[in-house]
Amino acid sequence: MKFLPKLLFIIAFFLLVISCKNEESITLVKTETELKEAIKKAKPGDNIVLKDGVWKDIEIEFFGEGTKEKPITLRAETAGEVFIEGVSNLKIGGTYLEVNGLFFRNGHSPTTNVIAFRIDNDKVANYCSVNNSVILDYNQLQRDKDDLWVQFYGTHNKLANCYIAGKTNGGPTVRVDLKGNQSIRNYHQIINNHFGPRPRKGGARGESIQLGSSFTSMSPSNTTIANNLFEECNGEVEIISSKTNFNIIKNNVFYKSEGSVVTRHGNYATIDGNYFIGDGVNKQYGGIRIVNTGHWIINNYFYNIIGENFRSPLAVMNGIPKSPLNRYNQVTDVVVAFNTYVNCKSPWQFGVGTNIAQKDVLPKSEIRSARALRTVVANNIIYNKVGDKNPIIEHDKADGVKFKNNIINNQGVDFADTKRIKANTFELTKLSDNIYIPKLTSELDIYDGFGFDTITEDLFGNSRANLNSIGATVQGELKDPLILDKTKYGTNWYSNVKEIKKPNTITASATIGDLEAKISAANPGDIIVLSSGKYDVSKSIVINKSITIQSKEGGKSEIVFSGAENTPMFELNPYGILNIKNVVLSGNGKQQAFASLKENMFNHFGLTVSGCKINNFNYVLKAYKQTFAEEITFTNTSISNCENGIELSEETNDRGDYNTEYLTIDYCDFTNVRQNVIDYYRGGYDESTIGGNLLVSNSTFSNCGSKEKNKMLLNHRGIVNVNIKKNVFKNNKVDFVSILWGAKNNFESDNTLSNSGKIKTEENLVMKLMY
């Protein structure tokens, strides 16, 4: 009998455990009504499970009060099999809530965010997370309708192990907002995610991550961005834009991404142990750009980054004296130490953005004349396979920068900064295709600057206590960190690695309707070969995938378009990328050869025309407002007897936007194109927009521009990079072939002008300020 009390205690305890487990319910929901009811009733420890399938046009408000030990979970029945589509979004508010396994696709948000860590101003999220989920191509229908895919409010929230890619409309992909005390000192975490390709946007407002805004830039955020892969994040010049204080950007990989990590506003950022991987060819791949005060740039590795100015491996900007919050504060009290640069062109650039030469056309409040002060550049290593005469570039004097114990292997090539950086003959040890570690052959002094004792680990996380060294890594046997192993980032169920399929070659006959049918049935990437003959087309051919159309080898088939006035022969839809070769395109003078949709261009188009003859159209190419092509190319093509040529000029909002990133005209003939021969426009003064790009070369322009109202043949106002070379201009009734922007990268060379006006350079074009 003496064991009975003990037995009763055990039974009671067992029943209590069972009772507690029963309180942690699992609720499978199949409808929106069931979901709302389950959220309303949820208690700490509960799991709300969304039935596999498509959930369309649903606005989820996930509100509850979980605990650290017993969070409330909203998850997919099977991770990756719950598809949030149509006009849908997710709002999270409360404490200790977790979201897992959702897939946002085939739609867009009805609000300014796809996922928001708040229900409203009063119901923000704290200690909540979104995990193991995907947002893919979830774009607004119009490019100028800005939104955010993940918007942080509250404190201690987390975005982890997600895959996010394909944003084409305006607005950062992810933003941390600090408006209100409920969101300051937030300690958010953005960790272990895979930020997949973000296409070029063609203007500002295309960051992958933005931390705060200009007007909260004096607030502490304490956000951590760590262990993420940024792959081809090309939206704009800033990949990460830090605009608040005390942020940590650590152990991320920036792989072939056209932009930089930028301390745009705010102070005291730590940028530690990141990898910046380029290809040694593309100058758009950037590194770290510094503005403001108190940043520590340590243990970072740069490989094959050859960007210049804003996209140089290390860009230290000039500031504006007494700068307003939304402009550029002076760089002060910054440390750049223990970094390694391998095969990077002119990796250190100071005084970036100085614009003193433009003082005549800009207000005094815009002149960036304040040079960096009290900045230390120490214990860094540069290695160049090919010697660089200018490893350090001063756009303005770096007289406020202290250089200590930096070395370079410049392959014996002389350089001008031997006091700031010392020549050395060290070699490299290869760890992988992208990672080469300096193998130092002798003891080197390490500068012990103020606070340097806090740099206790290297790039790989090894202790600096015993085998410390200058550069990003300590000495000794080091292992390949496998930084491009995509299984280390993002979800456990989605991969953006796709099998490369061999394109099918499909032959189309001149039978009426056969060409259109073959294009419609083709798979992306397929090649349509035109048999010899004339193809009569009466309605626009829709291009909504990547497709090649070409004449049979040795031939040049003709497509004759009899469609309605102001309709295109080829209608370029979202995802429509057309490559057309060796084809004659003929109209009746009233239609367009190529045109984008007028609206709902929620994704990009692209166009390459080579070896073609284009005649008798109203427009050769018409790109409407809020449409964008990453590349448009005309090569070895003749264009004749058209009212308008290549029209890319409808982005007139003067916000820095434009219709294509790269416009290339090479070995082409333009004859009797009456106006808008090439019209390519970017409006608004925005020093951090560094596109578009126009190349006109080896081409002939005859009897063009007769109806051009501004008497200019090539219109490219506001385009930053222009190269007009080796062309012939004859008998064009204009005053100017081109007016170049001297302060930017606008150049002309080896052109022949006959009865065609002149080419003029204006050093400073008057532009409308965006701010």
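These legends go with close-up views of a predicted model.

**View 1. A negative patch on the surface, with D120 as one of its members.** Four acidic residues make up this patch: E59, E61, D120 and D122. To find D120, look in the loop that runs between β10 (113–116) and β11 (125–126). D120 has a relative accessible area of 33%, so it counts as partly exposed.

**View 2. Cysteines C162 and C233, in a structure with zero disulfides.** Why is C162 not bonded to C128? The C128 sulfur is the closest cysteine sulfur to that of C162, but the gap is 14 Å, which is too far for a bond; a disulfide would need the two sulfurs within 2.5 Å. C233 tells a similar story: its closest cysteine sulfur belongs to C162, and at 14 Å that is again too far for a bond. Are these two buried or exposed? C162 is buried, with a relative accessible area of 2%, and C233 is buried as well, at 2% relative accessibility.

**View 3. A salt bridge within helix α2, between K41 and E37.** Side chains of opposite charge can pair when their charged atoms come close. Here, the closest N and O atoms of K41 and E37 are 3.4 Å apart. Both residues belong to helix α2 (residues 32–41), and they sit four residues apart, which is about one turn of the helix. K41 is exposed, with a relative accessible area of 56%, whereas E37 is partly exposed at 36%. The pair is part of a bigger tally, as the whole structure holds 35 salt bridges.

**View 4. A salt bridge from loop to loop, between K51 and E77.** The closest N and O atoms of K51 and E77 are 3.7 Å apart. K51 comes from the loop between β2 (47–50) and β3 (53–56), and E77 from the loop between β5 (72–76) and β6 (82–87), so the pair ties together parts that are 26 residues apart in sequence. How accessible are the two partners? K51 is partly exposed, with 33% relative accessibility, and E77 is partly exposed too, with 32%.

**View 5. A salt bridge from a loop to a strand, between K707 and E643.** The side chains of K707 and E643 meet at 3.3 Å, N to O. K707 is in the loop between β62 (700–702) and β63 (714–715), while E643 is in strand β58 (residues 638–648), so this salt bridge ties together parts 64 residues apart in sequence. Check the accessibility of each partner here: K707 is partly exposed at 45%, but E643 is buried at 15%.

**View 6. A salt-bridge network of D146, K201, R205, R655 and D657.** Which residues does the network take in? Salt bridges with shared partners link D146, K201, R205, R655 and D657 together, giving one network.

**View 7. K545, a buried lysine in a loop.** K545 sits in the loop between β47 (541–543) and β48 (546–551). Its relative accessible area is 12%, so K545 counts as buried. For a sense of scale, try I559: K545 and I559 are 14 residues apart in sequence, and their C-alpha atoms are 20 Å apart in space.

Note on methods:
Residues are numbered from 1 along each chain as its sequence is written. This is a predicted model: local features need pLDDT of at least 70, side-chain atom pairs count only at pLDDT 80 or more; totals for chains, interfaces and linings use all residues. Side-chain values use heavy atoms; hydrogens and water are left out. Patches are made of residues with over 30% relative accessible area and no salt bridge: like charges are joined within 9 Å, nonpolar side chains (Val, Leu, Ile, Met, Phe, Trp, Tyr) within 5 Å. Accessible areas come from the Shrake-Rupley method with a 1.4 Å probe; for residues, only the protein chains shown count as cover. Lys and Arg count as positive and Asp and Glu as negative; His and the chain ends are not counted. The place of a charge is taken as NZ of Lys, CZ of Arg, CG of Asp or CD of Glu. Helices (H or I, at least four residues) and strands (E, at least two) are DSSP runs, numbered from the N terminus. Buried means under 20% relative accessible area, exposed over 50%, partly exposed in between (1.4 Å probe, protein chains only).
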